[in-house]
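Biologist: Please take one part of this model and look at it closely. Then set it against the rest.

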Amino acid sequence: MKNYTSRLPSGGLIDRSRPLSFQFDGRSMTGFKGDSVASALMANGVNVIARSFKYHRPRGFFGAGSEEPNAIVTIGEGAHSEPNLVATQIPLRDGMIVTSQNRWPSLKWDVGSVNGYVAPLLPSGFYYKTFMWPAWAWKHYEHVIRNAAGFGAVSQKADPDIYAKRYCHCDVLVVGAGPAGLQAAMEAAESGVRVVLCDEGRESGGSLLDEATRPDGRAGRDQAEALTGQLRDKTNVTVMLSTTVFGWYDHNYLLAVSRCNGGDGPAQVLHKIRAGKVILAAGAMERSLLFDGNDLPGVMLCAATKRYINRYGVRPGQRAVIYTNNDSGYDVVEAMVNAGVSIAGLVDRRDTPSPGAQAMADRHGVTVEAGSYLKCARGRSRVRSVVVGPGERSVSCDLVCVSGGWTPTAHLYSQRGGKLTFEMGMNTLVPELVRSTDFELVGAVAGDMPWQGEVAPDWEAAVAMSRRTKTFVDLQNDVLVADLALAVREGYGDVELAKRYTTTGMGTDQGKTSNVHAIGLLSELTGRAPNEVGYTTFRAPYTPVTFGAVIGCDVGENLTPVRRTPYHARHVESGAVFEPSSSWLYPKYYPMDGESMNDAITREVNNTRSKVGMVDMSSLGKIELCGPDAVKFLELAYVNKFAKLAVGRCRYGIVLRHDGMVLDDGTVTRICEGRYLITMTTAQSWLTQLHLERLLQVEYPDLDVVMLPVTEQWASLAVAGPKAREVLRKLNPDFDISNEAFPFTHYREGTMAGLPVRVFRVSFSGELSYEINVGANHACALWDAVVVAGRSFGIMPYGLEALDVMRIEKGHLNVGTEIDGLTTPDDLGLGRMAKSDVTFVGKSLLIRDHLQRDDRLRLVGLRPKDGKSAIPRGGVIVDQVNSASPDVLGHVTATIHSPTLGSPIALALLSGGQETAHTTDIQVESPVAGETVAVDVCSPVFVDPEGERLRA
Amino acid sequence: MPDQPLFQSAFFEPGEEFNLPVAVGGVSVKENQPCRMTLLAGKAANLPSVGQTAALRQDCVVLGLAPGRWLVVYDTETTVADEFATDQLFASDHSDAWAVMTVSGAKATDVLQALCPVDMHPVNFVNDTCFQSRIGGSPALVFKNGSDGRYRVFIPRSSARAVLEDICDMAAFL
C-alpha cells in the first residue's frame, strides 16, 4: 500500500520525545503526545478513515477540527467504547483503540460499497418511495436499511465511566480562545470582572497554532501561550480548554461539556453556565468547492492542510493541486512548500487573484491558473489526478487542497435567536450584528474575515454540471448537487423541506461545511436570492454530546438524592432490606434467619395483628397550620368539615385538585388553639404542600394563615397491635393511654422514655395503633426504648410491604393505586365526607354530571371464587358472560395473599362499584401474566369492618 | 430509659468509619453542634428581609428565608423559647429539622459553587447574607457568616448524608 501521507522529520507542536501507541482496526500504530487521532492516523499512512453514510464510498480526512464530516470513529472497546467521535478532535492517548465505522467486513473491503455502483438508483427519497408497499413490511426494510447506512453502534454494556455536572457563574464568558477570543478575554479581565474562557481545543490559540510564524516573526503558539499565561495569572480568569460550548439559551444560560484526561475522575463534565455577558469568538470554518469527485480521499480543506503540517508535523500528500475561489487558498502555499509537498498547480476560479495572493504564489514559484476550475477529481481510494477546465487538462496529484471561502461559526448565535443574513460579497451567512449589553461577537464569527478577500461562487457551474456527476454538497450524508436539484423538481425547494428530503445539514456535523452550499444551490435552482432561500434552524448541540454527560451522575442510586429517615441506623441494625419510596430509602421488610420476602412479610403481619409491631412513618409529610383563619383555610382545602374539630382531636381528610379528583389524603389534628398539624402521604407530600401554598398565596391571600413545614423535624414511629397499649404503658406509666382517656382519633402531648413526644391515636394498619412523634435527633433513643419496652410483648419492626398488606386488608387507600388522579371521593367510597353546604376547592367540578355517573369506576374488594387462586397483579376486570368480546369493567389496584384471612384478596376499581357488579359474573384477566381468575365482588374492607380493633 | 436524650447526627451512623469533621481536597466540613433553630412565619416588621440576616445576640442570628418566613439559629443547647412569637408571628421548633455543617477552606467556595445554581461569588454573596437553593439536587440553606470561604450550610435532615457525599466527591474532583 502506498503511503501518500507521512510524518515530517521535524516541526509541529507535538512532543516527539513522548511516543504513544494505539490501534486502528486492530493494527498497532505509533503517534506522539500532541497528536490528534486524525493526525496520528495520517502520519501512519492511513488514507481511508471511513465509509460514507449511504454509498459507502471511501472517505479520507477532509478537515482538521469540529467541521470534519468524514473521520467519524469509535474510540475504546467494550463498555468503554464511544461511537461517532470526530477523529480530528480527539487527542491521542497511549493505548487508545480506534475503530472505523459503517463498514463490513473491513474498511478496505466493504460489502456496502456496492451501493456506490447503483447510486443512480438511490437518489434522495428513494427509500420512502420504494419501500411503501406493503406498509407493514417497512419495519423489516428499515432494519436492513439502518444496518446498511448509518454511524457507529453504542455499546450494549453499562457505561462504566463517571460523569459530573457543575454550575458556573461569570460576568463575561468568552467562547473561543483563538486570537480574537484571547484578546477579548484579556480586555475583559483587565476591567476586573470575572471571565471564563472556553475553547474546544486542548490548547488555546485557535488559528495561531496553525501558523509556523506570524507576520511579526513570532511563532503562533508562542504568542498564544504568552497570552494564555497572562490570563491564567489573573485571579479573575478561568480558562477551560477541551470544553465545547454547545448550547446558548435565554438569559445567557449556556451549556458546555469538558472532556477530561481520564484517570479516576469524571470522563466528561457538563457545565451549566450563567454569564452576564457572552463574547462569541468562535471563528469561522472553511468550505469546500463543488466538483465531480470532491469527496475522494486526498481532497482536503486548505486550512486543514496547513494545520496538519504546522501543528502536527504531518505531510498530507506529496503532489498537490490547490483549488480556491478566494485568497485563503494561497495561504497554504508556504506551509506546503516548507513540508516538501510539490504543488502541481493553483487553480483559482476568480479571473484575478488579489495582489497579495499573487505575490505569495510568485514567491514560491507556484503557477496560478486564474479563471479556471476543477471539472473533476479522479481516483478510487485516493485522488490520482484532477481535470482542470476550461478544457480537459489532466494533472496528476495525490492531494487536492480546496478553499471555497469561510463561514462564520454562528451556530450558537443562531441558537439564542440571533439572525443571520447572506452576505453576497463573502458568499456566506454572517450574523446580523445588533448592539447588546448581553453579548458581543468578535473576530471571524462577526464576519471579520479579511484574509479571504473576494469570494467567487461556484453554484451556478455546479448546477450546470450536476447531472451524471458525483458532486457532493454534504459529505457526511452523501448528498449530491443532483439530490438538491431533484428535491426542487419534486416541490421540496424550501430550505427546510430540502433539508428533510435530502438530509443535507443533518448528522453529527450538522452541515458545518455544507449548509452554505445548500443555500447557494437552492438559490440557483429556484431562482431566488440566497436571503429569500433562508437557512435552517441551528439547534443545540453544536457538536455531539453524549447522554452520559447530559445525565451526569444522576443514575442508579444517585438518580435523586437519597433521603434517609431518622431511624435509618436502626433499620440497618435490624437487617432491613431497603427500597426507594419516593425519594426516601425505606425498609421493605426485615428478614430473619434466611427468610424469604414473603415469609418475612407474613411473619411481620401476623405478629402485628396478634401481638405488636413498630413501623417507621417519618416520611409522611407534616405541616403546621397557624393563624386565626386556619380553620377557614382547612374548610376550603379539604372536602371535610373541621369547624368543630376540638383541640386534641384528629380527623381523616381528603384534599382535591381543582378538577375534583383526589389529590391526597391524611390526617388533620388540632394541636392547640389556632394551630393544626396536617399530614400528607409520602408520595404526594411535596405536591400537596405546593398545592396548599398556591391556594394561600394566589387564591386566598387574604386569609391570615401561615404554613410551617415540619416533616423533617419529627420522627414518627407507629406502635400497632393488640399489645400496643401495654408497650406504651411501659414507656411511661404516667401517660394515661386508657381507651377512655385516649380514644381513637385523639392526640396527646407528653413524654415517652423521657423524651418529649406527640402521640396520635390513628391507624393505617387497622390495629390499635399509636403514632409517636419525637424530635428527629432523638429518634434512635425512642426506637431503642420501644424495643426494650415491647420485648416481652413480642414486638417486631415491620416494613413497607407488611404495612401495604395490612392497609389492603383494611381497605385503606394508597396514592398511585387507588388515588390515581382519576378518582373522586365518591369513587373511593368517601363521598359522604364531602361537605354539601359549603364550598371547597374542587367542589364546582366535582358535581359535574360526568363525575356523578353510576357507571364510574368505584372502589371494591375482590375475592377469588375458588378461595385460593391469586388475583393477578394489574389485571383487568371483564364480564365473563360475553367472553367473545368481553367488556372491560375495571382493573385491579392492589392484590395480595392475606395472611390474616389465609386467602387471596384484592382491591379494584370497578364500573358501578359493588351495587351493579353483584349482578354480573366477572373475572380478572392478565394478558401479561396469561392468567384468568373468576372473582366475587365484596366490600373493600376485609378485616375488622366495624373498626373494633382500632378502637379497642 | 435514657436519662438524657442522646444527640443523633444526621450525617453518619453511629460507629461508622466515615465521620465528621472531614477534610477533602482543600475543603473542611464539620458538623455544627450545638445548634438549635426556630422557624418563624407570619408578619414582623423588625426581622431581616429575604436573604439578609441579623445577629440578635452573640449566640443567636435570624436568617430571612422567604417573605414572611425566618429561621432563628441559636448556637446553644438552650431550649428554644418562643421568644419571637406574637399573635401575628408563629414559631415552630426546627432544631431537628436541619442538619447543619460548616464548610470552609480554600476550595470551599469552588466546591459549593459547582454544586449550587446560585452565584456565590463574594461580590454577589456577601458576608452575613443567606440564600435558599439546592446543593447537589437537595434543598439547602447557605449562610455566609464571617468571611469568604466559610459557610454554614443547612440541609433538611433526611438529605444531609447525600449532600455531604456530594460535597466530598466534588472536593476530591476539584
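Modeller: The answer starts with one sheet and its helices, then turns to the other chain.

This is a predicted model, so local features need pLDDT of at least 70, side-chain atom pairs count only at pLDDT 80 or more, and totals for chains, interfaces and linings use all residues; side-chain values use heavy atoms, with hydrogens and water left out. Residues are numbered from 1 along each chain as its sequence is written, while chains are lettered from A and ligands numbered from 1 in the order in which they are written. Helices (H or I, at least four residues) and strands (E, at least two) are DSSP runs numbered from the N terminus. Strands pair if DSSP finds at least two bridges between them. Contact means heavy atoms within 4.5 Å. Axes are lines fitted to C-alpha atoms, for helices over the stretch in contact, and angles between N-to-C directions run from 0 to 180 degrees.

The part is a sheet in chain B. Six strands make it up, in the order E1-E2-E8-E11-E10-E9. The sheet is open and its pairing antiparallel. E1 (22-24) and E9 (129-135) of chain B are the edge strands, each pairing on one side only. From one strand to the next, the twist averages 25 degrees.

Now the E9 edge. E9(B) runs antiparallel to E10 (138-144) of chain B, with 7 bridges joining them. Ile135(B) has Ser138(B) in E10(B) as its bridge partner. Helix H2 (160-173) of chain B packs on the sheet and touches E1, E2, E8, E9, E10 and E11. The direction of H2(B) makes about 15 degrees with that of E8(B). Helix H1 (108-115) of chain B lies across E2 (27-31), E8 (98-104), E9 and E11 (150-156). H1(B) runs at about 35 degrees to E11(B).

Two loops here deserve a look. Asp128(B) lies in the loop between H1 and E9 of chain B. Its phi is positive, about 65 degrees, although it is not a glycine. Asp128(B) is partly exposed, with a relative accessible area of 43%. Buried means under 20% relative accessible area, exposed over 50%, and partly exposed in between (1.4 Å probe, protein chains only). The other loop runs between E2 and E3 (36-42) of chain B and holds Pro34(B). A cis peptide bond joins Gln33(B) to Pro34(B), with omega about 0 degrees.

Chain A offers a sheet to set beside this one. Its 5 strands have the order E3-E2-E8-E6-E7, and the sheet is open with mixed pairing. E3 (27-33) and E7 (82-86) of chain A stand at the edges with a single partner strand each, so one side of each lacks a neighbour in the sheet. Neighbouring strands are turned by 40 degrees against each other on average, direction ignored. Inside this sheet, E6 (72-75) and E8 (96-100) of chain A pair in the antiparallel sense over 3 bridges. Val73(A) stands opposite Ser100(A) in E8(A).

Chain A also has a hairpin, formed by E41 and E42 with 2 residues between them. E41 (747-752) and E42 (755-760) of chain A run antiparallel, joined by 6 bridges. Met752(A) stands opposite Leu755(A) in E42(A). Ala753(A), in the turn, has a positive phi of about 55 degrees. Ala753(A) is buried, with a relative accessible area of 2%. Asp128(B), by contrast, is partly exposed.

Helix H23 (800-810) of chain A has 9 of its 11 residues buried, so it is largely enclosed by the rest of the structure. The buried set includes Leu800(A), Met806(A), Arg807(A) and Glu809(A). Among the elements that cover the buried residues are H18 (597-610), E47 (888-898) and E48 (903-911) of chain A. Just after H23(A), Gly811(A) takes a positive phi of about 75 degrees.

Like chain B, chain A has a cis peptide bond before a proline. It joins Gly389(A) and Pro390(A), with omega about 0 degrees. Pro390(A) sits in the loop between E22 (383-389) and E23 (393-396) of chain A.

Last, chain A as a whole. It has 25 helices and 50 strands. Of its 952 residues, 58% count as buried. Its C-alpha trace spans about 110 × 70 × 60 Å along the principal axes.
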